[in-house]
Amino acid sequence: MSSNNDAGVSLYPNLLQPLDLGFVSLRSRTIMGSMHTGLEESPNSAERMAEFFGLRARGGIGLIITGGIGTSTSSTLGPGGANMISEKDADHHRLTTERVHDEGGLIAAQLLHGGRQSFHNQLVAPSNIKSPIYPFSPHALTDEEVESEIESFVNAAALAQYGGFDGVEIMGSEGYLINQFLTQRANVRDDRWGGSYENRMRFPVEVIRRVRERCGPNFIIVYRLSMLDLVPDGSTWEEVVLLAKAIEKAGATIINTGIGWHEARIPTIATKVPRAAFTWVSAKMKGEIKIPICASNRINTPEIAEAVIADGDAGLVSMARPLLADPDFVLKARQGKRKEINICIACNQACLDHTFNGKLTSCLVNPRACHETELQYKPTASPKKIAVVGAGPAGLSFSIVAAERGHRVILFDSASRIGGQFNIAKTIPGKEEFHETIAYYEAMLIKYEVEVQLNTRVAVSDLADQGYDQIIMATGIQPRALAIEGADHEKVLGYLDVLQQHKPVGNRVAIIGAGGIGFDMAETLSHGKTHSSLDKMAFMKEWGIDSELQARGGVAGREAVVDKSDREIFLLQRKPSKVGGGLGKTTGWIHRSTMQKRGVQMLNGVEYFSIDDEGLHIKVNGEERVLAVDTVVICAGQESNRGLENELETSGLNIHWIGGASDARELDAKRAINQGAYLAASL
Ligand code: FAD
Ligand code: NAP
Ligand code: SF4
């Protein structure tokens with residue numbers, strides 16, 4: 001590699017160093033962690049997976065781990081889930097393994113058995129104990145069936161080897177089958193697979209031992225070990241260490257860190273979780289074994305990853321979602337192009353939320369993720385002059401893709417900086433990551449030479465007769481005004497008054513509207529004197545995690561310590577459904593739980609009447625009430641900002657509306673960015 005391409009090595013010397021595993025060497029200390037994307041089950045899956053993983057291999061990642069692949073008919077996470085039980089299954093992955101190798105990369109298949117954590121009714125588990133978050137009860141495996149499930153792991157590993165994989169990751173964490181064998185929470189057997197810890201860990205140890213025996217010494221075996229179950233009847237730290245030593249002895253090459261069962265009520269990867277929040281657990285394990293340990297969870301920038309390795313917390317880092325956000329993460333770090341890395345903001349909106357809604361995964365900040373074969377940014381054969389009005393997520397996304405393709409793009413915004421509403425979002429405690437997206441766009445506007453004109457409120461006269469081939473209207477939204485008596489009372493504020501203008505808010509507050517912004521408002525107003533959302537120890541305290549690792553599962557008997565809000569806050573919605581029910585599938589519960597702990601009163605089925613000196617007059621469940629509040633903050637959704645529409649219609653200009661300006665209903669940044677990218681790819 002030329003010195004120019006190695007410009008970042010001095011910045012990240014530990015991260016970008018190869019790792020010699022004896023029989024093979026990883027190009028850097030990076031692993032792309034396993035993610036179930038849905039590509040495995042989609043039409044043309046072989047081609048789509050090859051392109052998805054091939055691009056990540058080209059981007060310099062040390063080792064790719066695929067999404068979980070089932071080992072037996074009962075193992076998949078849902079009906080029709082991908083399996084590795086025949087040569088035909090293995091052959092299906094050849095396009096991927098060959099493509100990854102052509103790009104100089106290495107790839108391991110993650111072998112996973114869901115056990116009781118699956119959405120089908122043929123569940124099996126160590127004991128007949130239902131998971132609290134899955135609908136079906138499992139059948140307790142007989143001794144013979146346990147043996148058969150172990151053999152199915154071994155068979156799947158051999159098939160993976162046959163299919164060209166460089167190794168496998170045996171999924172032993174997140175509460176899946178192997179993890180179920182390990183704890184009394186899911187295993188109350190009294191045979192050789194239950195009872196003592198030695199018996200309970202027999203299943204994973206036998207899997208590793210037999211896979212090594214079958215696949216030989218030159219095959220990577222990663223074991224994903226649940227180091228912190230985050231459920232009260234999970235493993236103790238002593239048991240975790242015992243298991244790690246036995247797994248090492250049985251022949252694993254690398255131990256990867258698993259944090260938290262799916263049923264744990266503690267966030268482990270959401271944006272509220274501080275960066276690298278759990279690497280202290282991997283660090284503690286590092287002294288216990290000799291094979292490399294891989295740290296994981298909320299490692300999303302090269303400097304954070306470098307620090308994890310430089311500080312000696314782990315020998316490798318696993319990053320999953322950051323590789324959705326930017327397939328070239330490692331390559332750009334190596335080239336010293338940190339500002340050009342599209343950083344994962346841990347929102348879960350297009351990845352995990354999609355997975356749990358049965359939709360194909362993508363990424364809010366990178367709509368190409370898992371859509372590589374259909375969304376392509378090819379150089380244009382007919383460069384155009386394009387005006388983009390509005391530098392929010394939609395306009396930015398459009399601008400950088402169009403400019404990358406070779407169009408001349410002139411981007412206007414009336415504000416003094418780019419980013420649109422993301423400039424407000426980034427100020428919400430726990431949403432600091434949104435700074436990264438704006439910084440990324442800033443770098444890409446420079447890279448692709450977009451002409452940016454800030455402090456410029458565009459009128460139709462500015463667009464006419466300027467030789468523009470296309471006009472992209474990305475003017476966003478305006479907050480919805482409230483049509484009730486007293487809406488103009490001095491105690492009424494809009495969310496922009498509070499978050500942007502910083503107008504004073506009283507001690508007793510009613511928030512009208514419990515959508516994303518209503519919750520962000522409640523978060524901001526209740527945050528008060530509580531800790532910085534970036535403080536790792538405060539995070540552990542707030543969620544009752546034992547940083548000394550003396551509690552079983554890391555949580556048994558620990559209280560979550562949360563400061564109540566100094567303000568009395570009511571968060572209101574008209575719908576009779578659960579307050580905040582429309583928030584993200586995998587993150588809504590975190591927001592609701594935090595608000596509950598801070599004492600925010602969440603009311604549904606509310607009818608609003610009027611606002612006066614007394615407060616907010618409402619009816620809830622047929623009962624009239626006056627909320628005696630000092631301030632009412634309106635977070636009642638938004639309407640499209642299409643002020644220029646009538647004039648534009650008669651201007652004869654070639655107009656496209658995107659983002660909030662096209663449709664404000666259920667608008668979020670995911671749609672705004674996606675719409676901008678798809679339009680730019682098509683012009
Ligand atoms: P905007 O971001 O509104 O940008 C429009 C731009 O156009 C503005 O910069 C404006 O100055 C400019 N403009 C308007 N008229 C003119 C004109 N005539 N001339 C020049 N410039 C003009 N979404 C999520 O997906 N996840 C979240 O977690 C999230 N959190 C949020 C938190 C808060 C507090 C807020 C306020 C929003 C949040 N959103 C979130 C919503 C998200 O920010 C919006 O969906 C997104 O910004 C919409 O993008 P847009 O480009 O359509 O519009
Ligand atoms: P929203 O999610 O649509 O919520 C609007 C809220 O206002 C709802 O609670 C709605 O509930 C209420 N409402 C609507 N019309 C009303 C009216 N006429 N009078 C009184 N109440 C009314 O919109 P938002 O909170 O403004 O968020 C804007 C966008 O940003 C959303 O698409 C959201 O997804 C996105 N965002 C996402 C996040 C995130 O974490 N993912 C965070 C912030 C914002 P009722 O109709 O039941 O009263
Ligand atoms: Fe990260 Fe959000 Fe993209 Fe998921 S959707 S990869 S959390 S930025």
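In this predicted model, the shell around ligand 1 draws at least three residues from domain 2 (385-478 + 640-682) and at least three from domain 3 (489-528 + 563-636). In total, 34 residues surround ligand 1, and the closest of them are Gln349, Asp413, Lys431, Gly660 and Ala669. By residue class, the shell around ligand 1 divides into 16 nonpolar, 12 polar and 6 charged residues.

Contacts to oxygen atoms of ligand 1 come from both backbone and side-chain atoms of the protein. On the backbone side, an N or O atom of Pro393 lies 3.3 Å from an oxygen atom of the ligand, and a polar backbone atom of Ala394 is found 2.9 Å from an oxygen atom of ligand 1. A side chain contributes as well, since a polar side-chain atom of Gln421 is placed 2.9 Å from an oxygen atom of ligand 1. Of the 1000 Å² of accessible area that ligand 1 has on its own, the protein covers 92%.

With respect to secondary structure, the elements that give two or more residues to the shell around ligand 1 are α14 (393-404), α15 (422-425), α19 (516-527) and α23 (669-682). Among these, α23 gives the most, with 3 residues. Ala669, at which α23 begins, is also listed among the closest residues to ligand 1, while Pro393 and Ala394, whose backbone atoms were described above in relation to oxygen atoms of the ligand, fall within the bounds of α14.

A further feature of the model is an open sheet of 3 strands, arranged in the order β22-β23-β24 with antiparallel pairing. Because β22 and β24 (623-627) stand at the edges and each has a single partner strand, one side of each is left without a neighbour in the sheet. Neighbouring strands of this sheet are turned against each other by 20 degrees on average, when direction is ignored.

Within this sheet, strand β22 (residues 606-612) and strand β23 (residues 615-620) run antiparallel and are joined by 6 bridges. The two strands form a hairpin, with 2 residues between them. The register of the pair can be followed through individual partners: Val606 of β22 stands opposite Val620 in β23, whereas Asp612 has Gly615 in β23 as its bridge partner. In general terms, strands of a sheet pair through backbone hydrogen bonds, either parallel or antiparallel, and in a regular strand the side chains alternate between the two faces of the sheet.

Note on methods:
Residues are numbered from 1 along each chain as its sequence is written. Chains are lettered from A and ligands numbered from 1 in the order in which they are written. This is a predicted model: local features need pLDDT of at least 70, side-chain atom pairs count only at pLDDT 80 or more; totals for chains, interfaces and linings use all residues. Side-chain values use heavy atoms; hydrogens and water are left out. A residue is near a molecule or strand if one of its heavy atoms lies within 4 Å of it. A polar contact is a pair of N or O atoms within 3.5 Å; within protein, one must be able to donate a hydrogen and the other to accept it, and residues adjacent in sequence count only if both atoms are side-chain atoms. Accessible areas come from the Shrake-Rupley method with a 1.4 Å probe; for residues, only the protein chains shown count as cover. Helices (H or I, at least four residues) and strands (E, at least two) are DSSP runs, numbered from the N terminus. Ala, Val, Leu, Ile, Met, Phe, Trp, Tyr, Cys and Pro count as nonpolar, Asp, Glu, Lys and Arg as charged, and the others, Gly among them, as polar. Domain bounds come from an automatic or database domain assignment. Two strands pair if DSSP finds at least two bridges between them. Axes are lines fitted to C-alpha atoms, for helices over the stretch in contact, and angles run from 0 to 180 degrees between N-to-C directions.
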